[in-house]
Number of protein chains: 2
Amino acid sequence: MAVEIERKFLLKNDSFKSESFKTSYIKQGFLNSNKNRVVRVRLIDKSGYLTVKGISNEEGLTRFEWEKKISKKDAESLLKLCEKGVIEKYRHFIKKGKHTFEVDEFLGDNIGLVIAEIELSEENEDFDKPKWLGKEVTGIIKYYNSELSKNSFKNWT
Amino acid sequence: MAVEIERKFLLKNDSFKSESFKTSYIKQGFLNSNKNRVVRVRLIDKSGYLTVKGISNEEGLTRFEWEKKISKKDAESLLKLCEKGVIEKYRHFIKKGKHTFEVDEFLGDNIGLVIAEIELSEENEDFDKPKWLGKEVTGIIKYYNSELSKNSFKNWT
């Protein structure tokens with residue numbers, strides 16, 4: 001099984017925008033954020049997704065993920081029922097060499113926060129570093145989407 | 001809008017079984033039992049259902065219900081992630097005059113409990129009372145399915 005290494009960076013400026021080949025609008029919330037039975041609702045452009053993730057009671061530590069495509073309208077209705085802290089963002093896709101950066105430009109209560117992510121196949125894999133790439137924040141918990149739902153960027157000091 | 005009146009009864013004996021025209025196996029659990037965003041998984045014979053019920057944040061007191069049919073296999077997987085207190089029962093359907101009794105014969109931690117329900121269109125509507133019908137328990141909270149999940153019949157004193 002391939003291990004995915006994800007590295008996260010802040011951005012120095014907005015110049016990434018002119019380099020993006022695709023931008024999606026994402027809105028996501030949780031009908032349950034308990035890690036034993038996460039129920040996530042996601043709207044990506046015109047498509048909705050309902051995802052259940054958790055740890056099976058009967059099979060011990062088996063991790064489980066189930067996803068179903070739903071209509072945009074259903075996703076919008078379900079998002080209204082979600083726990084507070086629904087996240088909205090634009091996701092910009094930027095190709096650099098053989099990698100694709102996903103740059104999340106947050107909206108709503110997280111406006112002002114922009115994070116670039118790159119997925120590598122191993123820890124020391126080399127990658128092109130664009131001029132707009134800033135400080136690395138890999139592993140810093142407050143930047144996780146699940147944390148931003150509880151403690152949004154506008155409340156940071 | 002039609003108001004549904006549901007009356008619940010205990011049973012005097014098992015003689016109802018020979019009168020049933022259909023029996024379903026039902027297994028149900030909750031991925032979230034919080035009344036603001038109930039997420040219920042149900043397996044009825046060979047079909048699965050995922051239901052979300054709640055109160056919309058944006059629209060105040062609007063009650064919302066969303067249901068999606070899912071495969072039996074998906075329902076079985078999701079039931080393994082549910083909060084403790086998954087309910088299993090047989091539901092027997094019995095026709096009496098113009099009404100249909102639904103008799104729930106509970107299994108698992110609620111074994112021994114049998115409840116008959118009848119749906120009426122108004123409070124004082126008359127209905128045929130079969131010989132096996134016992135004491136009325138309409139409105140007694142401990143008999144609610146949601147309560148049986150938390151305090152099962154085997155723990156009653």
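**Exercise 1. A lysine in strand S6**

Is A:Lys89 buried or exposed, judged by the other C-beta atoms within 10 Å?

*Solution.* The model is predicted: local features require pLDDT of at least 70 and side-chain atom pairs count only at pLDDT 80 or more, whereas totals for chains, interfaces and linings use all residues. Residues are numbered from 1 along each chain as its sequence is written, and chains are lettered from A and ligands numbered from 1 in the order in which they are written.

Step 1. State the criterion: a residue is buried if 20 or more other C-beta atoms lie within 10 Å of its own, exposed if 12 or fewer, and partly exposed in between, with C-beta atoms placed from the backbone.

Step 2. Apply the criterion: A:Lys89 has 23 other C-beta atoms within 10 Å, so A:Lys89 is buried.

Step 3. Place the residue: A:Lys89 belongs to strand S6 (residues 87–96) of chain A. Strands (E, at least two residues) and helices (H or I, at least four) are DSSP runs, numbered from the N terminus.

Step 4. List the contacts, a contact being a pair of residues whose C-beta atoms, placed from the backbone, lie within 7 Å. Beyond its neighbours within four places in sequence, A:Lys89 is in contact with A:Ile26, A:Asp104, A:Glu105, A:Phe106 and A:Leu107.

**Exercise 2. The sheet of chain A**

Determine the strand order of the sheet in chain A and the position of helix H1 relative to that sheet.

*Solution.* Step 1. Strands pair if DSSP finds at least two bridges between them. In chain A, 9 strands form an open antiparallel sheet in the order S5-S4-S3-S2-S6-S7-S8-S1-S9.

Step 2. At the edges stand S5 and strand S9 (133–136) of chain A, each of which pairs on one side only.

Step 3. Neighbouring strands are turned against each other by 30° on average, direction ignored. Such angles run from 0 to 180 degrees between N-to-C directions, the axes being lines fitted to C-alpha atoms, for helices over the stretch in contact.

Step 4. As an example of pairing, strand S1 (residues 5–11) and strand S8 (residues 114–120) of chain A are joined in the antiparallel sense by 5 bridges. Here A:Lys8 has A:Glu117 in S8(A) as its bridge partner.

Step 5. H1(A) packs on the sheet and touches S2, S3, S4 and S5 of chain A, with its direction at about 130° to that of S3(A).

**Exercise 3. The relation between the chains**

By what turn and shift can chain A be laid on chain B, and through what surface do the copies meet?

*Solution.* Step 1. Superpose the copies by least squares on the C-alpha atoms of residues with pLDDT of at least 70 in both. A turn of 180° and a shift of 0.0 Å along the axis lay chain A on chain B with an RMSD of 0.0 Å. The two copies are thus related as by a two-fold rotation axis.

Step 2. Among the residues of chain A, A:Asn32 comes closest to the rotation axis, with its C-alpha at 3.2 Å.

Step 3. The contact takes 18 residues from chain A and 18 residues from chain B. On the side of chain A, at least two residues each come from strand S2 (22–32), strand S3 (37–44), strand S4 (47–55), strand S5 (63–70) and helix H1 (72–79).

Step 4. Of the interface residues of chain A, 100% are also interface residues in chain B, so the copies meet through the same surface.

**Exercise 4. The nonpolar core**

Identify the best-connected residues of the largest nonpolar core.

*Solution.* Step 1. A nonpolar core is a set of buried Ala, Val, Leu, Ile, Met, Phe, Trp, Tyr and Cys residues joined through C-beta atoms within 7 Å.

Step 2. The largest core has 25 residues, and those with the most contacts inside it are A:Leu31, A:Val41, A:Leu78, B:Leu31, B:Val41 and B:Leu78. S2, S3, S4 and H1 of chain A and of chain B each supply at least two residues of this core.

Step 3. Examine A:Leu31: not counting residues up to four places away in sequence, its contacts include A:Val41 and A:Leu78 as well as B:Asn32, B:Arg37, B:Val39 and B:Val52.

**Exercise 5. A positive phi**

What is the phi of A:Asp45, and where does the residue lie?

*Solution.* Step 1. Most residues other than glycine have a negative phi. A:Asp45, although not a glycine, has a positive phi of about 55°.

Step 2. A:Asp45 lies in the loop between S3 and S4 of chain A. With 12 other C-beta atoms within 10 Å, A:Asp45 is exposed.

Definitions and conventions. Contact = placed C-beta atoms within 7 Å.
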